[in-house]
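Q: Please take a close look at the contact between the chains and at the empty space in the protein. A formal account with explicit cut-offs would be preferred.

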Amino acid sequence: MTATAVRTSTPAVTGRQTITFAKAITLGLRSVLADDPKTLVMGEDVGRLGGVFRVTDGLQAEFGEDRVVDSPLAESGIVGSAIGLALRGYRPVCEIQFDGFVFPAFDQITTQLSKMHYRSRGRVTVPVVIRIPFGGGIGAVEHHSESPEVLFAHTAGLRVVSPSTLQDAYDMIRAAVASPDPVIFFEPKGRYWSKGEVDLDAPPAPGILDTARVARTGDDVTLVAYGPSVQTALQAADALAAEGTSAEVVDLRAISPLDIPAVVASVRKTGRCVVVHEAPTVHGIGAEVASRVTEEAFHHLEAPVIRVGGFHAPYPVAKLEHHYLPSVDRVLDAVDRSLAY
Amino acid sequence: MSDQATGEQGLVQLLDPAGVRVETDQNAAYRERVAHLQPDHLRAMYRDMMLTRRFDDESTALQRQGELALFAQARGQEAAQVGSAYALAPQDYVFPSYREHGVLHVRGVDPVDRLRLFRGEDHGGWDPADHNAHLYALVLGSQVLHATGYAMGVQRDGLVGTGDPTRDTAVVAYFGDGTTSQGDVHEAMVFAAVNDAPVVFFLQNNQWAISEPTTRQAKVPLAHRGLGYGIPSVRVDGNDVLACYAVTLEALERAHSGGGPTLVEAFTYRMGAHTTSDDPTRYRDREEEERWRRRDPLDRLEAHLKATGAWDQAWWDGVEADAEALAERIRVETRELGAPPTSAMFEHVYATPHATVADEAAWQAEYETETEAAR
């Protein structure tokens, strides 16, 4: 073995580091694996390959095959066996390779994982985390770019979250693993390769799974987004600033529960609300936000809440996805419509 | 027409339908596993099968009286359930489907607690940790994966192959012939096989998945499926309590010692309806039911006990009294299970507070208070 073959991929794991979004999750997982021998990482190709997005890179080498488990190619099997492991006192973190591949496990997640605590009247807990790289814009083929989060948010018993910043990615994965509830953890795959600074010594932030954050303050309109759409909303806010419109961007972080008080507080200030997400707008999270804002801030609204999102069509071919995804221009168009009232 | 899926070839049998011990070269190893059983043991098995049947009968009556929303009888499957459950070590863990009343009886789950789900009073009914017995599974096949995952946890706990019979631990997944068609069962067998998980797949082939015969699920004996995964598989006469006990004991020993999973196909018959909602006269004939009635698991053990002088009238009187007391208790206590308070709807949805649930619970409580006040 030559000197160059020595592993160099594991950086020091303390302090502030400039790393990729994917690596922030890797180090979050590394932290929980190191802290608790009952924590496991499992999924297809998570071991030697380090996952198709390399999010679990190096973890099997460090923690062994019993802690970082290469699973058979069977999503229901991954989640169903994770439930059994959780019943035995383990804390499995499952990786589903892509959004569109979660459906074979949908039954186990919605009929079993979500209800085990409830039907046992709290006698058992199933602290399973299911990581799902989601969203589009990466030029992928069918079933590799979808946003199925509303299907899980609609299911009681599941916590559904999505980080948009590197620090949140690191903090939220640790909080998800620490949570006694099952957490569906949607990772914006289009952001995996973005870089930034992460404080690896940040203290645990359990409330982070329930609370929105104001990503940018503003006075004229509130843009509500989560996951990959936060970046779009921030870019739109930049463009609006250039035109003299001050947009506040609220990053939901949590999809279930929704931090409605945070959204309402912002809308009461700005009087206008535009919700942005990649998932189809119909029956979606934007509809839920719009309804709640209307109920709780009706007299503060200067305009109806407007949604910007995907269409009621299957996620299109990659050559058309730029028409499907909520672009900065479509967000600006929605803001214009709001301001026109 | 010989039917591969429903044929009786290769069944392990220790007690024939007339209650006579069967001695063949093939069952010698299994005979050794039951050689230590004394008349007291056999009478205890009979008693538990009898109480399981009485539980069935009384629960069915309660459903007819409108006291239960639904009930799924285990009648005809008492030998498979009691025999397999007798083989379990206390530390072993079972994942039942919704028909495993005999297994849960042997594990000590209170009979009234077992009816909470069917009464619509609770989705579970007992603490799994108290009995090492999980709650009923209604989405069939899901529990087979849970059992496999639990067994993978047992492995990680270092509780297989220790050589200490009080520590070595195994898991049993109970499911039926229809459930074998579910993808989750296939996935469970893949996971169990490649991980050498200490799990026993205890399949009760009761011939009917509601109205569909086993021939709608398989072209081959169901135990053959295990072989495709590299899982040792055995077919047993499911109405022979001794044989069910022996083959489960063998499977559990394999699991305990680190030898991995086993598939047991207990060839039996569901003598009642699938549940109180269906009508078996629409899909199966009297002749078939009569043929199986002659293979009744309780009659078989009774005949054996009588033929060997182990039937004791005073003991039998006690069993009858116990069965009547059980029925009486179910009758009285099930009716006393009231509806939980409305607030129970919102409890335990999450282990930690969730704003949506908290808001809706508060709204409901206020609505209820206002509605009461308006009356």
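A: The interface is treated below, followed by the pocket, the cavities and some local features.

This is a predicted model in which local features need pLDDT of at least 70 and side-chain atom pairs count only at pLDDT 80 or more, while totals for chains, interfaces and linings use all residues. Residues are numbered from 1 along each chain as its sequence is written, chains are lettered from A and ligands numbered from 1 in the order in which they are written, and side-chain values use heavy atoms, leaving out hydrogens and water.

Chain A brings 45 residues and chain B 43 residues to the contact (heavy atoms within 4.5 Å). Together the two chains bury about 3,500 Å², and carbon and sulfur atoms account for 56% of it; this is the accessible area (1.4 Å probe) lost on being put together, summed over both parts. There are 4 salt bridges across the interface of chain A and chain B, each a side-chain nitrogen of Lys or Arg within 4 Å of a carboxyl oxygen of Asp or Glu. In one of these, Lys38(A) pairs with Asp157(B), with 3.2 Å between the closest N and O atoms.

On the side of chain A that touches chain B, the elements giving two or more residues are α3 (75-87), α4 (106-113) and α5 (116-119) of chain A; helices (H or I, at least four residues) and strands (E, at least two) are DSSP runs, numbered from the N terminus. The largest share of this side, 10 residues, is from α3(A). By class, this side of chain A has 16 nonpolar, 16 polar and 13 charged residues, where Ala, Val, Leu, Ile, Met, Phe, Trp, Tyr, Cys and Pro are nonpolar, Asp, Glu, Lys and Arg charged, and the others, Gly among them, polar.

The largest pocket holds about 1,300 Å³ of space and has 49 lining residues; nearest its centre are Lys115(A), Thr155(A), Ala156(A), Gly157(A) and Val349(B). Among the elements that give two or more residues to this lining are α6 (149-153), β12 (254-256) and α10 (285-297) of chain A, and α5 (111-119) and α14 (355-374) of chain B. The lining comprises 25 nonpolar, 15 polar and 9 charged residues.

There are also 3 cavities of 30 Å³ or more. The second largest cavity contains about 40 Å³, and both chains line it: among its residues are Leu113(A), His117(A), Gly157(A), Asp181(A), Val349(B) and Ala351(B). Its lining divides into 6 nonpolar, 3 polar and 1 charged residues. On a 1 Å grid over the protein atoms alone, a cavity is a set of points where a 1.4 Å probe fits but cannot get out, a pocket is an open set with protein on both sides within 12 Å along at least five of seven lines, and lining residues have an atom within 4 Å of a point. Points are joined across faces, edges and corners, and a volume is the space filled by probe spheres set on them.

Two backbone features of chain A may be added. The peptide bond from Ser256(A) to Pro257(A) is cis, with omega near 0°, and Pro257(A) sits in the loop between β12 and α9 (260-270) of chain A. His143(A), although not a glycine, has a positive phi of about 70°; this residue is in the loop between β5 (129-134) and α6 of chain A.
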